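Here is a short report on one protein chain. Look at the model first, then read on.

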Amino acid sequence: MSSTDMTQSFTLTRTLDATPEQVWHAWTDPDAIADWWHPRNTSTPRDEVEVDVRVGGHYTYTMVNDDTGERVVTGGVYQEVSPVERLVFTWGEPGSDPEDTPIVTVTLEPSGGGTHMTFELHGFAGQPGDGFVYDGWDEALDVLEEYLA
């Protein structure tokens, strides 16, 4: 029985001052991921980032709360990998059932000298001010924007 309702979703967009290649690198390179893939006041130790960016490949990363030291390990499986255009992956507990895990779709489109990025998360009804998934990703994308600046 599925507990993840894939009809629940939210979308975030950013226009980034970076090329699609630079944004793609930020999403797929472990050094870059360690630098930005977390909300504010959180860090991701580089030695706890593993990525195998190919269809069926797995990834894991750990977020550490800078104040409390609380650790959250997240991971998933890449479902679609279209370099510099589209990345689709499950997002949840490492090793969880891919059929019952929220799915992230990142779409990159050239926009002037930068990139229009659309981030969609299906399987969770986040909303601004939830202090949880929506706000966490919204902050992480702010950190990505700063990382790319």
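## One residue, then the whole chain

T118 lies in strand β8, which covers residues 114–122. This is a predicted model. Is T118 buried or exposed? T118 has a relative accessible area of 15%. Buried means under 20%, so T118 counts as buried.

What does T118 touch? Set aside the neighbours within four places in sequence. T118 is then in contact with T11, L12 and T13. T118 also contacts T105, V106, T107 and E109.

Now step back to the fold. The protein chain has three helices and eight strands. From the N terminus, the order of elements is β-α-α-β-β-β-β-β-β-β-α. The radius of gyration is 14 Å, close to the 15 Å that the globule rule gives for 149 residues, so the chain is as compact as a globular protein of that length. Along the principal axes, the C-alpha atoms fill a box of roughly 45 × 35 × 30 Å.

Some values for the protein chain follow.

| Property of the protein chain | Value |
|---|---|
| Residues that count as buried, of 149 residues | 42% |
| Contacts with a separation of 6 or more that join residues 24 or more positions apart | 48% |
| Exposed area supplied by carbon and sulfur atoms | 48% |

The exposed area itself is about 7500 Å². Charges come last. How many are positive and how many negative? The protein chain has 6 positive and 28 negative charges. The mean positions of these two groups are 4 Å apart.

Technical notes
Residues numbered from 1 in each chain as written. Predicted model: local features only at pLDDT ≥ 70, side-chain atom pairs only at ≥ 80, totals over all residues. Heavy atoms only, no water. Helix = DSSP H or I, 4+ residues; strand = E, 2+ residues; numbered from the N terminus. Rg over C-alpha atoms; globule rule 2.2 N^0.38 Å. Buried < 20%, exposed > 50% of the residue type's maximum accessible area, 1.4 Å probe, protein only. Contact = heavy atoms within 4.5 Å. Areas by Shrake-Rupley, 256 points an atom, 1.4 Å probe, with all protein chains shown as cover. Lys, Arg positive; Asp, Glu negative; His and termini not counted. Charge placed at Lys NZ, Arg CZ, Asp CG, Glu CD.
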